[in-house]
Amino acid sequence: MLTAYAAPALMAGTAGLVTGQRDLVVAACTSIAGTSAVVAFLVGCWLRHGGRPRRWTLTAPRGVLAAVLLVATVGAAALLGWFAARWLPGHTSLPAAPWLERLRVDLPVSAALATTIVTLRWRGTTTASPA
């Protein structure tokens, strides 16, 4: 999980420094890296399923497994980003802010990268037949 946090934080933070985007540097250590770490943890736990992976996760082609999980996590992250950016300022005392708008992009992109990497790496370490 540390790698899932550090890698996006370093890459996005470096890009923010090089391009002079202060908001990207802040987002790199908060929404981008945080989302990556949380998604990597959740997807990893779901794939391990208490030490006994689900049969279909072992028998489905790697790309299909990654695509199914990708659609699920990106959809959930996009809904969360929308909720934070649109619903919260309209229904709570939290004012609309530029960092809330960033969540609409940061969360789904971070979720997509973390899900794909964790799924493909996990599948590469498992056997082809269920235990």
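At 42% relative accessibility, D23 is classed as partly exposed in this predicted model. The D23 side chain meets that of R102 in a salt bridge, with a distance of 3.4 Å from N to O. The two residues lie 79 positions apart, D23 in helix α2 and R102 in helix α5, and the pair thereby links distant parts of the chain. R102 is likewise partly exposed, with a relative accessible area of 21%.

R102 also forms a salt bridge with D106, at 3.2 Å from N to O. Both of these residues belong to helix α5, where a spacing of four residues places them about one turn of the helix apart. D106 has a relative accessible area of 6% and is buried, because this value falls under 20%. Together, D23, R102 and D106 make up a network of salt bridges.

Four salt bridges are counted in total. One of them joins R104 and E101, whose closest N and O atoms are 2.9 Å apart. R104 and E101 are three residues apart in helix α5, so about one helical turn separates them. Both side chains belong to partly exposed residues: the relative accessible area is 39% for R104 and 32% for E101.

The chain as a whole contains five helices and zero strands, and the order of elements from the N terminus is α-α-α-α-α. The C-alpha trace spans about 50 × 35 × 20 Å along its principal axes. Of the 131 residues, 36% are buried. Among contacts with a separation of 6 or more, 70% are between residues 24 or more positions apart. The exposed area of the chain is about 7,900 Å², of which carbon and sulfur atoms supply 72%.

The largest nonpolar core has 18 residues, and V43 and L47 touch the most other members. Helices α2 (22-48), α4 and α5 (98-125) each contribute at least two residues to this core. Helix α5 provides the largest share, with seven residues. Leaving aside residues up to four places away in sequence, V43 touches L69, T73, T115, V118 and T119. A second core, separate from the one described above, consists of five residues, among them A12, A27, A28 and I32.

Two aromatic pairs are present in the structure. In one of them, the ring centres of F83 and W87 lie 4.8 Å apart and the ring planes meet at 15°; the pair is therefore stacked, since planes under 30 degrees apart fall in that class. F83 and W87 are four residues apart in helix α4 (residues 62-91), which means that about one helical turn lies between them. Both residues are partly exposed, F83 at 31% relative accessibility and W87 at 32%.

On the surface, M1, V38, F41 and L42 form a nonpolar patch with about 420 Å² of accessible area together. M1 is located in the segment before α1 (2-19). With a relative accessible area of 59%, M1 is exposed, because this value is over 50%. Within helix α1 lies A6, which is partly exposed at 27% relative accessibility. A6 and A72 are 66 residues apart along the chain, and their C-alpha atoms are separated by 24 Å.

Terms used. Residues are numbered from 1 along each chain as its sequence is written. This is a predicted model: local features need pLDDT of at least 70, side-chain atom pairs count only at pLDDT 80 or more; totals for chains, interfaces and linings use all residues. Side-chain values use heavy atoms; hydrogens and water are left out. Buried means under 20% relative accessible area, exposed over 50%, partly exposed in between (1.4 Å probe, protein chains only). Contact means heavy atoms within 4.5 Å. Accessible areas come from the Shrake-Rupley method with a 1.4 Å probe; for residues, only the protein chains shown count as cover. Rings of Phe, Tyr and Trp (its six-membered ring) pair if their centres lie within 6.5 Å; planes under 30 degrees apart count as stacked, over 60 as edge-to-face and the rest as tilted. Patches are made of residues with over 30% relative accessible area and no salt bridge: like charges are joined within 9 Å, nonpolar side chains (Val, Leu, Ile, Met, Phe, Trp, Tyr) within 5 Å. A nonpolar core is a set of buried Ala, Val, Leu, Ile, Met, Phe, Trp, Tyr and Cys residues joined through side-chain atoms within 4.5 Å.
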